[in-house]
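Me: Could you take me through one part of this model in detail? I'd like a close look, with the cut-offs spelled out.

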Amino acid sequence: MTADAVVIGAGIVGAACADALSTVGLRVAVVESRVIGGGATAAGMGHIVVMDDSEAQFALTHYSQQLWRTLSPEMPAELEWDPSGTLWVAADEEEMQAVAHKHAYYVARGVNVEVLDAAQLADAEPNLRRGLHGALLIPGDSVVYAPCAAAWLLARAQLRRASLLADRVISIGRHSVHLTTGDRIESPNIILASGAWARELLPAIPVRPRKGHLAITARYPGFLRRQLVELGYLKSAHGHDTESVAFNLQPRTTGQLLIGSSRQYDVTHTSIDAPFLARMLRRAIHFMPALEHLRVIRAWTGFRAATPDSLPLIGPAPGREGLWLATGHEGLGITTSLATGRLIADAIAGRTPAIPPEPYLPARFPQ
Amino acid sequence: MIRLRVNGKPVSLPEGSVVAAAIALSGLDATRSSVRGEPRGPLCGMGICFECRATIDGQPHQRTCQIPVRQGMEVSTDAG
Amino acid sequence: MPANFEVVIVGAGPAGLAAASAAVERSRRVLLIDDNPAPGGQIWRGEGRQPPRGVETWLETQVLGPLRPGLLMADRAGVPAQISYEKLILATGARERFLPFPGWTLPSVMGAGGLQALVKGGLAIEGKRVVVAGTGPLLLAVAAYLAKRNARILLVAEQAPRQRVLRFTANLWRQPAKLAQAFSMGRYLALKYRTGLWPVSAHGNGKLEEILLSNSRRLACDYLSCGFGLVPNSELAALLGCRIATGEVLVDEFQRTTRERIWCAGEPTGIGGAELSIIEGRIAGYAATGDRHSATSLFTARMRASRFPREMDSAFSLRPELRRLVHPGTIICRCEDVRFSQLTSHTTWRAMKLHTRCGMGPCQGRVCGPAVEFLLGCAPEGARPPLYPATVSQLALDRQ
Ligand SMILES: Cc1cc2nc3c(=O)[nH]c(=O)nc-3n(C[C@H](O)[C@H](O)[C@H](O)COP(=O)(O)OP(=O)(O)OC[C@H]3O[C@@H](n4cnc5c(N)ncnc54)[C@H](O)[C@@H]3O)c2cc1C
Ligand SMILES: Cc1cc2nc3c(=O)[nH]c(=O)nc-3n(C[C@H](O)[C@H](O)[C@H](O)COP(=O)(O)OP(=O)(O)OC[C@H]3O[C@@H](n4cnc5c(N)ncnc54)[C@H](O)[C@@H]3O)c2cc1C
Ligand code: FES
């Protein structure tokens with residue numbers, strides 16, 4: 001069979017690519033070997049968050065967040081869209097200074113932000129422990145249930161003639177992909193969106209799996225209003241230590257709480273590391289002692305596709321004509337999926353992208 | 001006899017009984033309301049279905065079929 | 001900080017109690033754990049069974065999962081606990097299989113064993129009109145028990161066809177004890193027993209008022225006590241990495257699982273009834289404490305006892321009509337209120353779970369999983385900790 005574009009993987013990134021490519025008029029074929037949105041997309045928190053580690057990260061997250069917001073009025077209920085905002089929690093004066101910095105940074109870029117002092121923070125989230133110094137509130141951040149978002153984006157693409165194949169790509173040729181069934185799909189454009197599995201098809205790609213644990217509670221409506229993240233997260237999460245945990249707590253529209261987060265390199269098994277999960281939960285209790293009595297109904301793990309510079313790989317694969325990369329989104333792929341889809345579609349369709357694509361081009365890494 | 005209260009109503013029943021029996025004795029058929037608001041009562045009687053959940057002494061999501069009645073317990077079926 | 005034992009047995013039903021009494025012959029450090037307030041499991045619930053002498057027993061204790069090899073985490077009556085073992089015997093029993101039909105979510109529609117357990121737990125049943133339905137010898141045991149407690153048994157509806165039930169009872173002469181146990185129902189119940197009959201729907205306003213039967217009869221009742229056989233509790237074994245095939249834990253002749261130092265006895269290895277569970281439990285208890293001789297001496301008894309379950313399986317297999325009871329709007333996942341029509345466009349359990357929330361609630365698919373397997377042919381794979389909802393502080397506890 002033939003297609004104008006083949007997307008490998010129907011996670012949130014592949015689904016967003018299919019949506020965007022079908023919008024510019026291409027006939028898209030999506031190949032997914034497991035369940036739609038069943039990879040990292042089913043493991044992630046679905047926090048749609050602006051970040052400012054680098055100018056490039058801000059540009060991508062900010063752009064993508066706007067795309068999410070534009071879509072939100074059309075979203076079906078199962079996407080659990082919740083514009084609940086983020087509170088970046090400062091535990092000491094040093095972190096309070098970081099709050100001030102971030103505040104200035106975002107204000108300068110037109111993002112609505114607010115500084116809360118200790119009393120305002122206690123008022124906003126009464127279950128937080130006393131003695132915290134304050135927080136930065138980003139009201140425009142939100143939460144989505146990513147597996148259903150992926151399915152929805154795909155369904156939109158299918159309305160624009162995209163097709164979905166339940167099969168596995170075993171190799172990528174020149175302008176074609178080969179499937180387990182022996183079939184091949186011929187296409188001038190092949191988009192590799194297989195997340196942390198990208199190395200299986202392209203061993204040289206600079207992507208490493210970075211494992212994370214999450215736990216979800218029973219329903220406790222009203223316990224938490226906004227997503228809470230410790231500012232120390234910035235120190236721990238984006239460093240490249242082999243192991244780290246941080247307080248990251250999310251309210252779901254179901255009344256459940258999603259408790260994160262952890263990062264581990266060089267671990268490949270999917271099982272729960274109970275002592276490590278315990279460490280992550282102790283960090284959460286440290287910030288919110290009232291969590292102690294709440295019941296966890298399930299814990300799981302997932303793999304982020306991490307790159308050396310913490311920015312994704314979006315654009316042509318160096319030296320492989322017709323092959324495009326859309327992976328390496330680490331802990332932000334749900335947020336940045338929509339922007340990724342647009343950047344790829346703009347490049348293929350020869351349109352001018354809304355943000356400069358250079359920082360994300362795979363060619364920035366030596367081959 | 002063990003005395004306890006279900007939604008504020010006093011009930012008493014023999015030692016060794018479970019909280020689910022006390023809820024029934026108080027005149028209620030449902031122990032909880034489902035996520036879409038349907039009334040639900042115990043199903044499995046052995047701690048696996050979670051249909052008999054109620055709040056006991058302020059702790060929500062307790063499986064009342066597994067928990068023996070204790071003197072002075074406060075049981076509430078109001079939370080989901 | 002962890003409590004140390006040589007042999008830890010999870011489950012104090014017939015298999016676990018038997019394993020404990022065998023293990024304690026050679027070991028002074030045996031721990032028996034059960035989540036119920038008293039030993040006895042499902043069948044001996046409320047009968048005042050005592051654990052064997054010399055065995056430490058922790059009740060109201062739930063094993064939540066492994067912490068690392070040789071170490072379990074548990075909730076001991078609300079207090080986090082860690083238990084280290086040299087040998088582990090899993091005797092986690094089985095649960096009822098529930099099949100959805102319109103109205104099965106109404107209060108007072110319960111499991112067959114479910115209603116019995118609650119009555120043992122003090123639920124007042126005297127004078128109540130009860131229909132017992134579903135399949136298997138358990139229905140009669142339940143009906144007999146409820147009748148003894150002065151319930152008014154209106155009907156015992158067995159879905160299996162008459163010929164198969166008759167053939168099964170005819171074969172029971174080889175199992176006189178079973179015969180007595182299962183069919184000593186007396187004239188009163190014999191008159192209420194019907195084969196080839198099952199509930200089609202349940203009706204009522206906020207609680208059960210009447211049921212519709214497959215013969216188009218309507219019957220007003222206070223309780224419908226309804227179970228369709230048993231499902232092995234293999235989740236703990238799965239978490240420990242033991243191999244499981246078609247829902248049953250794989251064991252060798254010494255009841256040893258595919259995992260080092262872990263044995264399994266009773267229903268998790270296949271539904272076999274109390275008699276077989278006891279023998280398996282004793283074999284596991286002996287084998288785990290190195291008494292191969294005593295273990296081996298029980299092999300023939302085990303072979304004899306395993307005939308009954310095989311015959312039971314074929315006699316009480318579920319009829320295909322039961323798959324057609326659900327309507328599009330019938331709730332399948334009771335925790336998350338997921339309806340049948342939401343599931344039918346998906347072909348795997350994982351897709352159903354991720355896209356509809358089926359199985360995502362606190363029961364983690366223990367009720368809807370077997371139902372979906374029967375209705376749509378796909379089953380939950382694997383298990384994740386905690387085995388039961390556990391407080392954050394319990395899971396946050398570590399050895400240090
Ligand atoms: C614990 C955790 C928390 C997170 N929290 C957040 C968050 O709050 N916000 C956020 O924005 N991001 C978050 N993330 C990151 C986010 O989940 C990922 O970046 C994102 O889901 C990546 O999507 P993807 O489509 O690239 O990958 P995946 O979802 O993994 O999709 C890849 C797909 O490709 C398929 N596939 C692989 N190989 C083949 C093949 N050969 N043939 C066919 N199909 C194939 C797979 O089956 C899979 O479905 C989190 C991640 C983790 C692990
Ligand atoms: C926002 C949100 C809310 C949730 N809420 C709930 C809830 O309320 N209740 C609930 O029960 N669950 C909930 N979940 C969890 C979800 O259902 C799954 O548990 C989650 O997808 C994690 O899957 P698992 O590992 O437990 O699944 P499993 O069924 O164990 O499957 C995971 C599969 O992915 C494969 N896999 C993943 N990544 C890789 C990789 N990189 N390489 C190789 N294989 C890989 C594994 O081999 C395995 O087959 C929620 C998830 C999200 C995102
Ligand atoms: S009745 Fe099922 S858990 Fe209590």
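Is C:C226 buried or exposed? And what surrounds ligand 1?

Reply: Happy to help! This is a predicted model, where local features need pLDDT of at least 70, side-chain atom pairs count only at pLDDT 80 or more, and totals for chains, interfaces and linings use all residues. Residues are numbered from 1 along each chain as its sequence is written, chains are lettered from A and ligands numbered from 1 in the order written, and side-chain values use heavy atoms, without hydrogens or water.

C:C226 is buried, at 5% relative accessibility (buried means under 20% relative accessible area, exposed over 50%, partly exposed in between, with a 1.4 Å probe and protein chains only). Its sulfur is 11 Å from the closest cysteine sulfur, in C:C221, too far for a bond; a disulfide needs two cysteine sulfur atoms within 2.5 Å.

Now to ligand 1: 37 residues surround it, and A:E32, A:R34, A:A40, A:T41 and A:T335 are the closest (a residue counts if one of its heavy atoms lies within 4 Å). A side-chain N or O atom of A:E32 is 2.6 Å from a ligand 1 oxygen, while backbone N or O atoms of A:G333 and A:I334 each lie 3.0 Å from one. Taken alone, ligand 1 exposes 1000 Å², of which the protein buries 97% (Shrake-Rupley areas, 1.4 Å probe). Chain A elements supplying at least two shell residues each include α1 (12-23) and α10 (333-349) (DSSP runs; helices are H or I, at least four residues, numbered from the N terminus).

Technical notes: A polar contact is a pair of N or O atoms within 3.5 Å; within protein, one must be able to donate a hydrogen and the other to accept it, and residues adjacent in sequence count only if both atoms are side-chain atoms.
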